[in-house]
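Trainee: Could you take me through one part of this model slowly, and explain each term when it first comes up? I would like to look closely at the place where the two chains meet.

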Amino acid sequence: MQEEIDPRGALDEIERVRANVRRSSRWAGRLLLVMGVGSIAYWAAMLLGPGAVQTVAGWGWGLFVVSAIIFAFRQGVYDPVTHRLQWPVTGLYALTTIGAVLFGLYVLPEDDRGPGWVAAAVAVSVIAGLPLIIGGWRVLHLTSDRHDGREVDGRR
Amino acid sequence: MTHPRHALDEVIHAPVRLSIMAALAAAEKADFRFLRDTIEVSDSLLSKHIVILEEAGYVHVEKGFVGKRPRTWLSLTPRGREAFTKYTEVLRQITEGIPRA
């Protein structure tokens, strides 16, 4: 690496490194998107599936969440957008999850589920996963190469 | 001394330290190994420059373990972020030929 650096070269290096870091830090957005889709599938299975499907969904979701946590801990870089969004997304996801649990326990009838109840259960499943999907989309959008990121964290 | 180049922060204006600061400015925090691979330097060279940035109060170093593996996390301090923002502004003044206010 050269020892002297001119101002134009310095700006180019800043952009190169910044783009590299932003590409590497997009894992969190992808993980949130996958978890959101997984959450929708999980809740659809739990609310509408027979006992065996619920058992598989429960084990599958549990293993998936553990794998996601291990994956997140193994990453080498964390971006400011994810850092900023982690508590709003977690809080909203906790609320939608509680809503889905209450819906399954107290609202959804065990028998005689017509198309209306199925549609309601699907809607609750989708809503439960929405905070993760929206959070993931926001992270991917704000860390994309086209987005210069200056307003991302309000610190630049 | 009115030329903006005199306002360039000498701590940052060195190839490896510039790359470290640029990487950390784009991240909330980054692992030592990630930084080493991103800016393509040896462990020893990276450590040497991190010490300089840490002594300047620009970089925060956090050592810990994940299981039995040691990990070193690096992040910019508020002072470091401010210094880097000012440094890039000076660079732009120079490259765009804007005189200092």
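Mentor: What follows goes from chain B as a whole to its contact with chain A, and then to two of its helices.

This is a predicted model, in which local features need pLDDT of at least 70 and side-chain atom pairs count only at pLDDT 80 or more, while totals for chains, interfaces and linings use all residues. Residues are numbered from 1 along each chain as its sequence is written, and chains are lettered from A and ligands numbered from 1 in the order in which they are written.

Chain B has four helices and three strands, where helices (H or I, at least four residues) and strands (E, at least two) are DSSP runs numbered from the N terminus. Read from the N terminus, these elements run α-β-α-α-β-β-α.

Turning to the contact, 24 residues of chain B touch 25 residues of chain A, two residues being in contact if their C-beta atoms, placed from the backbone, lie within 7 Å. On the side of chain B that touches chain A, H1, S1, H2 and H4 of chain B each supply at least two residues. The residues of that side divide into 13 nonpolar, six polar and five charged; here Ala, Val, Leu, Ile, Met, Phe, Trp, Tyr, Cys and Pro count as nonpolar, Asp, Glu, Lys and Arg as charged, and the others, Gly among them, as polar.

Look now at helix H1 (residues 7-24) of chain A and helix H4 (residues 78-96) of chain B, whose axes come within 9 Å and cross at roughly 130°. That angle makes H1(A) oblique to H4(B), because angles under 35 degrees count as roughly parallel, over 145 as roughly antiparallel, 65 to 115 as roughly perpendicular and the rest as oblique. Axes are lines fitted to C-alpha atoms, for helices over the stretch in contact, and angles run from 0 to 180 degrees between N-to-C directions. From H1(A), Pro7(A), Arg8(A), Ala10(A), Leu11(A) and Ile14(A) meet Thr88(B), Leu91(B), Ile94(B) and Thr95(B) of H4(B). The residues of this contact divide into six nonpolar, two polar and one charged.

Helix H2 (residues 32-39) of chain B has Phe34(B), Leu35(B), Thr38(B) and Ile39(B) as its buried residues, a residue being buried if 20 or more other C-beta atoms, placed from the backbone, lie within 10 Å of its own. These four cover an arc of only 110° around the axis, which puts them on the same side of H2(B); the arc is that of the directions from the helix axis to the C-beta atoms. Just after H2(B), Glu40(B) takes a positive phi of about 55°.

Technical notes. A residue is buried if 20 or more other C-beta atoms lie within 10 Å of its own, exposed if 12 or fewer, and partly exposed in between; C-beta atoms are placed from the backbone.
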